[in-house]
Amino acid sequence: MTGIVDRYSPETTPSATRRDFPEIGRRAGQFPRATLRDRWTPDDQDVTLWCSNDYLSMGQHPAVIEAMRGALERFGAGAGGSRNIGGTNPYHVQLESELADLHGKESALVFSSGYAANEGSLSVLAGRPPGLVAFSDELNHASIIDGLRHSGAERRIFRHNDTEHLGELLADVDPRRLKLVVVESIYSMSGDTAPLASIVDLAQRHGALIYDDEVHAVGMYGPEGAGVAAREGIADQITVVMGTLAKAFGTVGGYVAGPASLIDTVRTFARSFIFTTSLPPAVAAGALTAVRHLRSSEQERDRLAENSRALHDQLRRRGLPVRSDETHIAAVVVGEAQRCRAASRLLLQDHGVYVTAMDPPSVRPGEELLRVTASASHTGADVERFTHALDQVWTDLDLPRTGR
């Protein structure tokens, strides 16, 4: 047995694919400040975070913290079971109603994570109808890939954001077969947006349903933070919208919203919903408060937009290679795993800045990058200090630049 277990030892894993998980202590009320400790830094180091998904800093918002504290004192720490075995709390029901209303859909369903929401929903929505064909962007998230695989449905993969290729694939399928197009509104490793209007047009012409993953958009884009499809005025033409509570809403969990019949089918058959403990009531209460706050407040979105524009502008001025400037995500391309990790390490050691090096399987080999994210809590001075630090690291490592 020992010999078999030894085959799983980290020493048998190529160094380029091994990952480190530093301990990060975000300081409540002081985001993006935090302390960090890892195998190179045994004592806490003060850092500024530039890779957090808490884009609007709602995980630090006093109203969210107070709502969670109140629910904790009222209901205790855990939900007590899965949703269908004693684990449905009033906050779960209120949260689902709020999310359905946010997206203008009949119904919504909350999962324990965004991964579980995608995997469980797509395994049902693509797998239940016989003969369905699923069309998926090649850069879709692993949870989408797994959900479609587990569905057993026939899958056609189209080139990233290539509507011409998608149109060819749709036209190649018998028009009598049910079709489902699956995309993300914002792609987290590149920072670009899907051409949703063109995809909607294609789907309607070919009688296809649309599943839109708005994980990196909800809370931040569109009226009341309803996402990119809402910003473009086509939310009513999206069949099912998927979102998360773990990014702009600052807590944890995922959800889907859509027609009541489809959501009820997911509720009935999705294994990742049925066979797991539900979100703690305190988490649901915090998420509900965050959603309600961001539906009525533009302040956080405005600050994020301002910081994002400043970040992209300064990165461009310094000739740092960013994939796209369409969103708050700045994917700064390095292109080689060891040098990408070296850049992350230098930022931390020399400048007190933490940005995770993204390498396979998060990105494809040769596309390694630093995934930089602005937040509503960064200041103009933070942006200036960070871009100066990154510029210095680029020089220290002699990394390639773009034309200024």
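Which residue in β8 is the bridge partner of Val-183? Keep that in mind while you load the model, which is a predicted one.

**Stop 1: strand β7**

Select residues 179–184, strand β7. Of its 6 residues, 6 are buried, so the strand is largely enclosed by the rest of the structure. Show the side chains. On one side you find Lys-179, Val-181 and Val-183. On the other are Leu-180, Val-182 and Glu-184. Both faces are covered, and the charged names on this list, Lys-179 and Glu-184, are buried along with the others.

Now add residues 208–213, strand β8. β7 and β8 pair in the parallel sense, over 6 bridges. Centre on Val-183: its bridge partner in β8 is Asp-212. That settles the opening question.

Next add residues 133–137, strand β5. This strand also runs parallel to β7, joined by 4 bridges. Pick Ala-134 and look across to β7: Leu-180 stands opposite.

Finally, bring in residues 196–205, helix α7. Together, β7, α7 and β8 make a right-handed β-α-β unit.

**Stop 2: the whole sheet**

Zoom out to the sheet. It is open and has 7 strands, in the order β4-β10-β9-β8-β7-β5-β6. The pairing is mixed. Colour β4 (107–111) and β6 (154–158). These two stand at the edges with a single partner strand each, so one side of each is left without a neighbour in the sheet. From one strand to the next, the twist averages 20 degrees.

For an antiparallel pair, select residues 240–244 (β9) and 254–258 (β10). They are joined by 4 bridges. Label Val-241, and you will find Ala-257 of β10 opposite. Then show α3, which packs on the sheet and touches β4 and β10. Its direction makes about 125 degrees with that of β4.

**Stop 3: helix α2**

Select residues 62–75, helix α2. Does its length come out short, long or as expected? At 1.5 Å a residue, its 14 residues should span 20 Å, and the end C-alpha atoms are 20 Å apart, which agrees.

Which residues of α2 are buried? They are Val-64, Ala-67 and Ala-71. Look down the helix axis: the buried residues fall within an arc of 65 degrees, so they line one face of α2. An α-helix has 3.6 residues a turn, so residues three or four places apart point the same way.

Add α3 (90–102) and α11 (281–296), which are among the elements covering those buried residues. Rotate to the face turned away from the buried side. Pro-62 and Glu-73 are exposed there. Just past the helix, stop at Gly-76, where phi is positive, about 90 degrees.

**Stop 4: Ser-57 and a cis bond**

Step back to Ser-57, in the loop between β3 (45–49) and α2. Is Ser-57 buried or exposed? Its relative accessibility is 8%, so Ser-57 counts as buried. Leaving aside residues up to four places away in sequence, Ser-57 touches Phe-31, Ser-375, Ala-376 and Ser-377.

Follow Phe-31 to Pro-32: the peptide bond between them is cis, with omega near 15 degrees. Pro-32 sits in the loop between β1 (23–26) and β2 (33–37).

Another cis bond joins Pro-360 and Pro-361, with omega about 5 degrees. Look for Pro-361 in the loop between β13 (357–358) and β14 (369–373).

**Stop 5: backbone checks**

Most residues other than glycine have a negative phi, and most peptide bonds are trans. Two loop residues are worth a look here.

- Asn-161 has a positive phi, near 55 degrees. It lies in the loop between β6 and α6 (163–171).
- Glu-224 has a positive phi, near 60 degrees. It lies in the loop between β8 and α8 (228–231). With a relative accessible area of 33%, Glu-224 is partly exposed.

**Last stop: Ala-142**

Select Ala-142, in helix α5 (residues 142–151). At 40% relative accessibility, Ala-142 counts as partly exposed. Draw a C-alpha to C-alpha distance to Asn-118: the two are 9.2 Å apart in space and 24 residues apart in sequence.

Technical notes:
Residues are numbered from 1 along each chain as its sequence is written. This is a predicted model: local features need pLDDT of at least 70, side-chain atom pairs count only at pLDDT 80 or more; totals for chains, interfaces and linings use all residues. Side-chain values use heavy atoms; hydrogens and water are left out. The expected span of a helix is 1.5 Å times one less than its number of residues. Buried means under 20% relative accessible area, exposed over 50%, partly exposed in between (1.4 Å probe, protein chains only). The arc is that of the directions from the helix axis to the C-beta atoms. Contact means heavy atoms within 4.5 Å. Two strands pair if DSSP finds at least two bridges between them. Axes are lines fitted to C-alpha atoms, for helices over the stretch in contact, and angles run from 0 to 180 degrees between N-to-C directions. A crossover is right-handed if, with the strands pointing away from the viewer, the path from the first strand over the helix to the second runs clockwise.
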